[in-house]
Amino acid sequence: MATPRERFVEALKFLQQLQEKGTIGIHTDDLPNRKYREILTKNGFIREVAKGWYIATDPEAKDGETTDWYSSYWDFIAVFLKHRYGNDWCLSADQSLLLHAGNQSVPQQLLIRSPPRK
């Protein structure tokens, strides 16, 4: 039986593998077991940003710190929307133009267009 320290190391190694693959938005399905999720969340290495969705965070960040969210926003949104809608979605015209112009600031509201779900 693995010690708590060994489980912690395993969870960190798994998170490292995800990050090396470029994974920003981490879905519950990406985590091999609940223990990894609990260990990483408890120690501040991941934070839930939507039900079942996590981003990697700095464990030394103070409560309320938003740097991790703002720095991963667009990559997270792309993964989240791909998972939810496949390729059947697009940004609003205004937001799309802003992104094409190089403006990657986080909007107060993001409008997504997609066909109705069946």
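Two rings of Phe, Tyr or Trp count as an aromatic pair if their centres lie within 6.5 Å. Planes under 30 degrees apart make a pair stacked, and planes over 60 make it edge-to-face. Keep that in mind for this predicted model. The structure holds 8 aromatic pairs.

Start with tryptophan 53 and phenylalanine 76. Their ring centres are 5.7 Å apart, with 90° between the planes, so the pair is edge-to-face. Tryptophan 53 belongs to strand 3, while phenylalanine 76 belongs to helix 3, so the pair ties together parts that are 23 residues apart in sequence. Both tryptophan 53 and phenylalanine 76 are buried.

Phenylalanine 76 has another partner, phenylalanine 80. Here the pair is stacked: the centres are 5.9 Å apart and the planes differ by 20°. Why does this fit a helix? An α-helix has 3.6 residues a turn, so residues three or four places apart point the same way. Phenylalanine 76 and phenylalanine 80 are 4 residues apart in helix 3, which means that about one helical turn separates them. One aromatic cluster takes in Trp53, Trp69, Tyr73, Trp74, Phe76 and Phe80.

Now follow helix 3 itself. The helix runs over residues 67-85 and has 19 residues. At 1.5 Å a residue, helix 3 should span 27 Å, and its end C-alpha atoms are indeed 27 Å apart. Helix 3 also has a kink of about 60°, centred on tyrosine 73. Just after helix 3 comes glycine 86, with a positive phi of about 70°.

Which residues of helix 3 are buried? They are Asp68, Ser72, Tyr73, Trp74, Phe76, Ile77 and Leu81. Phenylalanine 76 has a relative accessible area of 3%; the cut-off for buried is under 20%, so this residue qualifies. The cover over the buried residues of helix 3 includes strand 2 (46-50), strand 3 (53-56), strand 4 (90-91), helix 4 (93-100) and strand 5 (112-113).

Step back along the chain to helix 2, residues 34-42. Its buried residues are Tyr36, Ile39 and Leu40. These cover an arc of only 95° around the axis, so they sit on the same side of helix 2. Arg34 and Lys42, on the other side of helix 2, are exposed. Helix 1 (4-20) and strand 2 are among the parts that cover the buried residues of helix 2.

Finally, look at the two ends of helix 2. Asparagine 33 caps the N-terminal end, with a side-chain oxygen 3.1 Å from the backbone nitrogen of lysine 35. Glycine 44 follows helix 2, and its phi is positive, near 80°.

Key. Residues numbered from 1 in each chain as written. Heavy atoms only, no water. Helix = DSSP H or I, 4+ residues; strand = E, 2+ residues; numbered from the N terminus. Expected span 1.5 Å × (residues − 1). Bend = angle between axes of the 7 residues up to and from the residue. Buried < 20%, exposed > 50% of the residue type's maximum accessible area, 1.4 Å probe, protein only. Contact = heavy atoms within 4.5 Å. Phe/Tyr/Trp six-rings, centres within 6.5 Å; stacked < 30°, edge-to-face > 60°. Arc of directions from axis to C-beta. Polar contact = N/O pair within 3.5 Å; in protein donor to acceptor, adjacent residues only side chain to side chain.
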